[in-house]
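Me: I've got a structure to go through and I'd like to learn how to read it. Can we take it in small steps?

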2 protein chains.
Amino acid sequence: MMSDNARLKRQIEFILEIDRLKQVMRQTVITDKSRQENSAEHSWHVALMTIILSEYAKNPQIDVFQVVKMLLVHDIVEIDAGDTFCYDNHARADQHERELMAAKRIFNLLPKDQARQLQALWEEFEARQTLNSRFANALDRLQPLINNYYTDGKAWKKHGVKQHQVVARNCRIEEGSPELWRYASNLIKNAVVQGILPE
Amino acid sequence: MMSDNARLKRQIEFILEIDRLKQVMRQTVITDKSRQENSAEHSWHVALMTIILSEYAKNPQIDVFQVVKMLLVHDIVEIDAGDTFCYDNHARADQHERELMAAKRIFNLLPKDQARQLQALWEEFEARQTLNSRFANALDRLQPLINNYYTDGKAWKKHGVKQHQVVARNCRIEEGSPELWRYASNLIKNAVVQGILPE
């Protein structure tokens, strides 16, 4: 059994390590258009969105705290694996392998019981098999969609992303929330009408 | 009764507005020392710390989700009121008034029931009267202390902050967690020994 002191030491080491998520940049742009978003602030945004939007979850039996925990943890692997742009199929090829190795290293900084807990949260998020993880994944897609729309499609334009790609990625929102997918698919249609997303 | 559509519209408006917390800069520096931290990523960091460190809460009856919710919401008022440096007594004089006005404006973007919920979370955090809010406040102090220590006291040096000021601010950690205060007060002592915090 680890002494309390050794346990706390490992927990602090993990808390220090995850500070690096603030350096991982995403393609999404923040709403004042001044810069790209990082994965730490993105994680905050989607965690708080969960509390505001949980009423739209496909199934009312959703465990809101479980969704929040998943979203606080879901991008930590990017500290080693980097943020993989969702429309970059080349980078996506070995994404899972890179992220598995990252999870192993980073979560195992923690005491074993907590390493297991965080690994389980991350795996649940990735597998998209539970009600909770489907809603978490829906919000993880909705947030960049909203930011892209309200920054005149800056990230879409930069990477030449087209409507069918945005639909293909975001239609998964429906698995977690048909109502939020209705909202999202209207946003995509409006983006095309406004000329900020090519058909 | 608001139509569902009008309700969702207000919720999205709030979600867009809080994106601006990513532009509010704090005095704390991130661990690679490249730049100051913003309040959105700070909020993510302390929310996740809650999950890792809840075992050290003074009272085991703590509601971990309530603490996480408080910490996700606690800095939103800074979008209007700015981040007030905790060692700047001049700015602190009218801080509460500025933050009250900010809370009124920003939370009221939401439907009434949710505006009330978030206002209550923020007031609970600020009042430091409940077990949950005392633990939330402890983590809100501990995170910048850790970051300051591991960035060689960069923010302390910049503002000429001394040991007695850091102790006076952080001894409140004890109200939420005697064990984390033991850890924190050792960190402060080490910072003095290492010459990164003047006595």
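Reply: Sure, let's start with a helix pair: α10(A) and α12(A) run roughly antiparallel to each other (over 145 degrees counts as that, under 35 as roughly parallel, 65 to 115 as roughly perpendicular, the rest as oblique). Keep in mind that this is a predicted model, where local features need pLDDT of at least 70, side-chain atom pairs count only at pLDDT 80 or more, and totals for chains, interfaces and linings use all residues. Residues are numbered from 1 along each chain as its sequence is written, chains are lettered from A and ligands numbered from 1 in the order written, and side-chain values use heavy atoms, without hydrogens and water.

Me: At what angle do α10(A) and α12(A) pack?

Reply: Helices here are DSSP runs (H or I, at least four residues), numbered from the N terminus. Axes are lines fitted to C-alpha atoms, for helices over the stretch in contact, and angles run from 0 to 180 degrees between N-to-C directions. Helix α10(A) covers residues 163-170, and its axis is 11 Å apart from that of α12(A), at an angle of about 170°.

Me: How many nonpolar, polar and charged residues does the contact of α10(A) with α12(A) have?

Reply: Contact means heavy atoms within 4.5 Å. On the α10(A) side we have Gln163(A), Val166(A), Val167(A) and Asn170(A), and they meet Trp181(A), Ile188(A) and Val192(A) of α12(A). For the classes, Ala, Val, Leu, Ile, Met, Phe, Trp, Tyr, Cys and Pro are nonpolar, Asp, Glu, Lys and Arg are charged, and the others, Gly among them, are polar. The split is five nonpolar, two polar and no charged.

Me: How does α8(A) pack with α12(A), parallel or antiparallel?

Reply: Helix α8 (residues 131-149) and helix α12 (residues 178-193) of chain A have axes 11 Å apart and an angle of about 25°. That angle makes α8(A) and α12(A) roughly parallel.

Me: Which residues of α12(A) does α8(A) meet?

Reply: From α8(A) come Phe135(A), Leu139(A), Leu142(A), Leu145(A), Ile146(A) and Tyr149(A). By class, this contact has twelve nonpolar, one polar and no charged residues. The partners in α12(A) are Leu180(A), Tyr183(A), Ala184(A), Leu187(A), Ile188(A), Asn190(A) and Ala191(A).

Me: And what is the handedness of the crossing of α2(A) and α8(A)?

Reply: Helix α2 of chain A (residues 39-53) has an axis that comes within 9 Å of the α8(A) axis, crossing at roughly 115°. That makes α2(A) roughly perpendicular to α8(A). A crossing is left-handed if the near helix is turned anticlockwise from the far one by less than a right angle, and right-handed if clockwise. This one is right-handed.

Me: What relation do chain A and chain B have?

Reply: Copies are superposed by least squares on C-alpha atoms of residues with pLDDT of at least 70 in both. Chain A lands on chain B after a rotation of 180° with 0.0 Å of shift along the axis (RMSD 0.0 Å). That is the relation of a two-fold axis.

Me: What area is buried between chain A and chain B?

Reply: Buried area is the accessible area (1.4 Å probe) that two parts lose on being put together, summed over both. Here 51 residues of chain A are in contact with 51 residues of chain B. Carbon and sulfur atoms give 71% of the buried area, which is about 4500 Å².

Me: Where does Arg128(B) lie?

Reply: Arg128(B) is not a glycine, yet its phi is positive, about 50°. Its place in chain B is the loop between α7 (112-127) and α8 (131-149).

Note on methods: Helix = DSSP H or I, 4+ residues; strand = E, 2+ residues; numbered from the N terminus.
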